[in-house]
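Colleague: Hello! I am new to this one, and I would like to know how the words used for it are earned. Could you take me through it?

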Amino acid sequence: MPTAAPLRPRVWLPLVAGVGVAVVLGVYGRLHEPVGTTDVTGFLRLQTAKVWLATAVGILAFVQVVSAAVIYRTGPAPGWVAGLHRWNGRLALLLSVPVAVHCLYRFGLRFDTPRVLAHSLFGCLFYGAFATKMLLLSRPGRGSGWALPVAGGVVLTAVAGLWLTSALWFFATIGVSW
């Protein structure tokens, strides 16, 4: 009976670093004293902007999945697909940062309701998985076989969970607005 191959350092080091990122964000979010909000009108405008940024990140995540599928399919992918995948991912990360910074600073990691707890945990998972994915790409032997697609899948799962527990909830509760 064959035994499972041990995780090589090129896989477990990025994994440990990603877990570290997620834990640090969670601990900071839990220990940080949330700022809260008093201006309801301004708060709703800011929430609306965050919801649309999160929706854009969700759409870009879908493009990431499609472009990754083209890159990893059998046979050569068109040369522009890799560039699209890289730049699309950079844009998605860039759009996610102001949303995450505001959420972390303004609210912290909360567990008022199951939705809020799930949203907080998905946020930590997203940045931890993203850090893991980027570190896997920088390791010799690029991607380490199965690990890169798994990290990408976790990133996508976290983005989907974040969107479902924030933007979809907002659209269903408050309504669609600009």
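Modeller: Gladly. Keep in mind that this is a predicted model. Let's begin with Asp112 and Arg110, whose side chains meet in a salt bridge, N to O at 2.5 Å.

Colleague: What makes the meeting of Asp112 and Arg110 a salt bridge?

Modeller: The N to O distance between Asp112 and Arg110 is 2.5 Å, and the rule asks for a side-chain nitrogen of Lys or Arg within 4 Å of a carboxyl oxygen of Asp or Glu. The pair therefore qualifies. In general, side chains of opposite charge can pair when their charged atoms come close.

Colleague: How many salt bridges does this rule give?

Modeller: The count comes to one.

Colleague: Why is Asp112 called exposed, and why is Arg110 called partly exposed?

Modeller: Asp112 has 52% relative accessibility, and exposed means over 50%, so Asp112 counts as exposed. Arg110 has a relative accessible area of 26%. Buried would mean under 20%, so Arg110 falls in between and is partly exposed.

Colleague: Which label does Arg45 get, buried or exposed?

Modeller: Arg45 counts as exposed because its relative accessibility is 59%, set against the cut-off of over 50%. Arg45 is placed in helix H2, residues 40–72. Its C-alpha atom is separated by 9.3 Å from that of Ser177, although these two residues are 132 apart along the chain.

Colleague: Now to the surface. Which residues form the nonpolar patch?

Modeller: Leu15, Val19, Val23, Val27 and Leu31 form it, with about 460 Å² of accessible area together. Val27, for one, lies in helix H1, residues 9–31.

Colleague: What makes Val27 partly exposed?

Modeller: Its relative accessibility is 42%, and the range for partly exposed runs between 20% and 50%, so the label fits Val27. A patch residue needs over 30% relative accessible area, so Val27 passes that cut-off too.

Colleague: How many helices and strands are there in the chain?

Modeller: Five helices and zero strands. Buried residues make up 34% of the 178 residues.

Colleague: How do you know that H3 and H4 meet?

Modeller: Contact means heavy atoms within 4.5 Å. Residues of H3, including Leu93, Val97 and Cys103, meet residues of H4, among them Phe126, Tyr127 and Phe130. The two helices pack at an angle of about 145°, their axes 12 Å apart, and the crossing is left-handed.

How values were computed:
Residues are numbered from 1 along each chain as its sequence is written. This is a predicted model: local features need pLDDT of at least 70, side-chain atom pairs count only at pLDDT 80 or more; totals for chains, interfaces and linings use all residues. Side-chain values use heavy atoms; hydrogens and water are left out. Patches are made of residues with over 30% relative accessible area and no salt bridge: like charges are joined within 9 Å, nonpolar side chains (Val, Leu, Ile, Met, Phe, Trp, Tyr) within 5 Å. Accessible areas come from the Shrake-Rupley method with a 1.4 Å probe; for residues, only the protein chains shown count as cover. Helices (H or I, at least four residues) and strands (E, at least two) are DSSP runs, numbered from the N terminus. Buried means under 20% relative accessible area, exposed over 50%, partly exposed in between (1.4 Å probe, protein chains only). Axes are lines fitted to C-alpha atoms, for helices over the stretch in contact, and angles run from 0 to 180 degrees between N-to-C directions. A crossing is left-handed if the near helix is turned anticlockwise from the far one by less than a right angle, and right-handed if clockwise.
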